[in-house]
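Hi,

Here is the structure I promised to send over. Have a look at it first, and then read on for what turned up when I went through it.

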Amino acid sequence: MYNFTLYMPTRIHFGKGQISHLSELRESGTKVLLVYGGGSIKRNGIYDTAVDILKKAGLTIYDLPGVEPNPRIESVRKGVEKCKAEGIDMTLAIGGGSTIDCAKVVAAGAKYDGDPWDLVLDRSLIKSALPIYSVVTLAATGSEMNPSAVISDFTKHEKWGTSAPALVPTMSILDPTYTFSVSKRQTAAGTADIMSHTFENYFSFENADVQKAFGEALLKVLIKNGPIALAEPDNYDARASLMWAATHAINGLTKMGNAPAWCVHPMEHELSAFYDITHGVGLAILTPVWMEHILSERTAPIFAAYGRNVWGVTAADDMTAAKAAIEKTKEFLFETLELPSSLRAAGINDKNNIEAMAEKASRKTAQSFVPLTQADIREIYEAAF
Ligand code: NZQ
Ligand code: ZN
């Protein structure tokens, strides 16, 4: 286990009815930018509830609606302009990871004298940000308790993550009932995303028993509760387990002291940048192909441990157990969660961008569990068709 410093200052209010804590935003001032997506929060009533609480607490609300899944830099720019023009004190995202990520970069952009895209390309420029708050409505990205944000510029087919201590939310509200209305497809994609965050941290050569055992526990929670949430969207306990697993999979607990650079995420971000596909769907397609690509005598013991500890695989031989674990992963993603099993099945029919995507993704994968070159990534994309 290597050295690390972990600091997770986000105040979490978890459970039914915790939205009442929105009144605490008064601690950061009186003007709040309310950032949300395409309308789900208006359809399920969360918007009205939130506005009521904020107004009663004496806050003035400025709306930034219409944040896209795979949020665009254009939305960030709009938010920054509003913050600067109105002297806004804080941002509040209500929605999935896309709205939270947008609210984060808006908050940093409000304190930056230049184009906020600079902050996406160069995280060292993020010196400060307005206080960031969130109400999570989809269990997936863990953005509610981490320092990261992922923003796209589709005019250039670019999607990059940025990260800075100033982007860690001050407070997040996690009410599992708010995820009852998430569609089957998004529930499955969110589960695949949480699973991928856990894998990105789990597959390492470090002897980090605590982090690995925690990762295995998270995976078991997902394997148990993902299917329940699909069958019974309003099952509180299943939704609560998915929501809390999402937060922990990417708040640093399983990564620190353990994980090398991530690699499936950079490959997926290119798919989203070029084809605007759902993040969790891209991850589900790439994950088993990546596992097969890097399976070797050296990595087999780690895949075998995953198979034995998570799936109850009994094979004594590591390579046999590793292969069984990868098959179990495929069955879960493609049969149980019913996610598309290939890029074609996800609607990507051309191979025109493989080389460009492989080149960009390879900028991030030299230090991963098994380092991936541009040629490796090209092969993984080809095998995913
Ligand atoms: O836009 P609305 O109308 O709100 O609908 C959204 C959207 O269409 C809908 N939705 C959300 N909550 C709902 C709901 N529909 C019904 N009921 C609800 N309660 O779901 C759709 C997807 O929302 P989105 O926010 O895009 O999903 P997700 O949370 O999966 O976020 C994905 C984005 O986060 C990035 C991804 O790359 C992608 O851009 N990531 C952010 C990370 C981070 N900040 O740490 C890490 C991740 O690995 C990831 O890269
Ligand atoms: Zn992810």
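**What I found**

Buried residues account for 58% of the 385 residues in the protein chain. Before going further, keep in mind that this is a predicted model.

**Overall picture**

The protein chain has 14 helices and eight strands. Its radius of gyration is 20 Å, close to the 21 Å that the globule rule gives for 385 residues, so the chain is as compact as a globular protein of that length. If you want box dimensions, the C-alpha trace spans about 65 × 45 × 40 Å along its principal axes.

Contacts reach a long way along the sequence: of those between residues at least 6 apart, 78% join residues at least 24 apart. The accessible surface of the chain is about 15,000 Å², and carbon and sulfur atoms contribute 51% of that. As for charges, there are 37 positive and 44 negative ones, and their mean positions are 3 Å apart.

**The zinc site**

Which residues coordinate the zinc ion (ligand 2)? The donors are Asp193 through OD, plus His197, His265 and His279, each through NE2, at 2.0 to 2.2 Å. Written as a sequence pattern, the spacing of these donor residues is D-x3-H-x67-H-x13-H. Two of the donors tie together distant parts of the chain: His197 belongs to helix 6 (residues 184-202) and His265 to helix 9 (residues 264-275), with their positions 68 residues apart. Both His197 and His265 are buried.

**Helix 9 and what sits around it**

Helix 9 also holds Ala273. Ala273 is buried, and its relative accessible area is 0%. Leaving aside neighbours within four places in sequence, Ala273 is in contact with Phe154, His157, Glu158 and Lys159. For a sense of distance, the C-alpha atoms of Ala273 and Leu64 are 23 Å apart, and the two residues are 209 apart along the chain.

One of those contacts, His157, deserves a look of its own: its phi is positive, about 55°, although it is not a glycine. You will find His157 in the loop between strand 6 (148-153) and strand 7. Is His157 buried, exposed or something in between? Its relative accessibility is 31%, so it counts as partly exposed.

Asn70 is another residue with a positive phi that is not a glycine, this time at about 60°. Asn70 is in the loop between strand 3 (60-64) and helix 3 (73-86). Asn70 is buried, at 7% relative accessible area, which puts it under the 20% cut-off.

**Helix 13 and its flanks**

Helix 13 (residues 354-362) has Ile354, Met357, Ala358, Lys360, Ala361 and Ser362 buried. What covers them? The cover includes strand 7 (158-163), helix 9 and helix 14 (374-384).

The loops on either side are worth a quick check too. Asn353 lies in the loop between helix 12 (318-336) and helix 13. Asn353 is partly exposed, with a relative accessible area of 21%. Buried means under 20%, so Asn353 does not count as buried. Beyond its neighbours within four places in sequence, Asn353 is in contact with Phe274 and Tyr275. Asn353 and Ile19 are 334 residues apart in sequence, and their C-alpha atoms are 44 Å apart.

Thr373 is in the loop between helix 13 and helix 14. Thr373 is partly exposed as well, with a relative accessible area of 44%. From Thr373 to the zinc donor His197 the C-alpha distance is 21 Å, and the two are 176 residues apart along the chain.

**The start of the chain**

Finally, Leu6 lies in the segment before strand 1 (11-14). At 33% relative accessibility, Leu6 is partly exposed. Setting aside neighbours within four places in sequence, Leu6 is in contact with Asn251, Gly252, Leu253 and Met256. Leu6 and Gly257 are 251 residues apart in sequence, while their C-alpha atoms are 9.6 Å apart in space.

Cheers

Methods:
Residues numbered from 1 in each chain as written. Chains lettered and ligands numbered in written order. Predicted model: local features only at pLDDT ≥ 70, side-chain atom pairs only at ≥ 80, totals over all residues. Heavy atoms only, no water. Donors = N, O, S within 2.8 Å, 3.2 Å for Na, K, Ca; no water. Helix = DSSP H or I, 4+ residues; strand = E, 2+ residues; numbered from the N terminus. Buried < 20%, exposed > 50% of the residue type's maximum accessible area, 1.4 Å probe, protein only. Rg over C-alpha atoms; globule rule 2.2 N^0.38 Å. Contact = heavy atoms within 4.5 Å. Areas by Shrake-Rupley, 256 points an atom, 1.4 Å probe, with all protein chains shown as cover. Lys, Arg positive; Asp, Glu negative; His and termini not counted. Charge placed at Lys NZ, Arg CZ, Asp CG, Glu CD.
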